[in-house]
Amino acid sequence: PIRKGQNMLCVITDWSVPGGIWLFRGSHIEALKDIAGAAGAYIQPHLTDQVLRVLPRYPAAPWHWATDLTPDIELPVAATSVEGIEEVIRPDFNQVHVGGTIAPAVFGPVKRTGTPGDKEAEQVLHALITAAPAHVQRGRAILSDTGTQEHVTVQTLVLPETGIIMPGTVVSYVSDDKTRLGIVRKTGLQMQEWPVLRQEIGVETHVIPD
């Protein structure tokens with residue numbers, strides 16, 4: 001396996017929020033999750049340091065993965081097996097209206113480039129969508145989670161070169177003699193016999209029509 005890309009370092013683009021726009025009641029982590037969710041992102045804690053990372057659920061739209069994403073990890077064929085594939089079919093939306101709720105806010109359509117924007121997802125409103133970066137990133141996250149997907153369960157060894165493969169990692173692996181690209185969504189560890197430590201990762205892949 002080789003580490004090639006820097007997608008694991010990819011964080012969201014920040015934006016300014018005027019005072020008095022956002023009010024939240026709950027725990028500190030729930031507040032952070034709400035802030036991240038406004039831009040279609042999520043919170044990931046560092047494994048060892050007291051650091052929280054805010055990561056985009058989709059660093060690039062799936063139809064751009066082949067050109068815009070470089071794998072963080074190429075899983076070795078000899079130590080990797082595909083354990084299961086679940087086909088997930090979601091509506092094929094190509095446009096969504098996204099915006100804030102209190103002025104000054106931004107509101108408008110986010111459309112998949114090259115499409116007529118004729119398949120509209122339900123509009124999304126959030127008080128923190130006050131500037132273009134939040135507007136675009138939230139729209140991209142909504143439109144990316146569409147169409148035909150394959151949620152693949154992959155088992156591989158925990159190797160020194162890879163370590164534990166965290167959610168958000170972009171991986172490539174070989175299945176049916178084809179190299180496939182996806183984003184890790186979940187990770188589990190198991191040790192069936194000492195000292196071999198294996199990890200089972202759930203990988204989101206997309207079927208992009210030619």
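This is a short chat about a predicted model, covering one helix and some paired strands.

Reader: Anything I should know before I start?
Author: The model is predicted, so local features need pLDDT of at least 70 and side-chain atom pairs count only at pLDDT 80 or more, while totals for chains, interfaces and linings use all residues. Residues are numbered from 1 along each chain as its sequence is written, and side-chain values use heavy atoms, with hydrogens and water left out.

Reader: Ok, helix 1. Which residues are buried there?

Author: Ala31, Ala36 and Ala38 are buried in helix 1, residues 28-38. Buried means under 20% relative accessible area with a 1.4 Å probe, protein chains only, and helices are DSSP runs of H or I with at least four residues, strands E runs with at least two, numbered from the N terminus.

Reader: Why do they line one face of the helix?
Author: Seen down the axis of helix 1, the buried residues fall within an arc of 160°, so they line one face. The arc is that of the directions from the helix axis to the C-beta atoms.

Reader: And what covers them?
Author: The cover includes strand 1 (41-45), strand 2 (52-56) and helix 3 (132-144), by contact, meaning heavy atoms within 4.5 Å.

Reader: What comes just after helix 1?
Author: Gly40, with a positive phi of about 70°.

Reader: Switching to strands: what does Val154 stand opposite?
Author: Val154 in strand 8 stands opposite Val82, and its bridge partner in strand 11 is Ile201.

Reader: How many bridges join strand 8 to strand 11?
Author: Nine, and the two run antiparallel. Strand 4 (80-89) and strand 8 (148-157) also pair in the antiparallel sense, over nine bridges; strands pair if DSSP finds at least two bridges between them.

Methods. Buried < 20%, exposed > 50% of the residue type's maximum accessible area, 1.4 Å probe, protein only.
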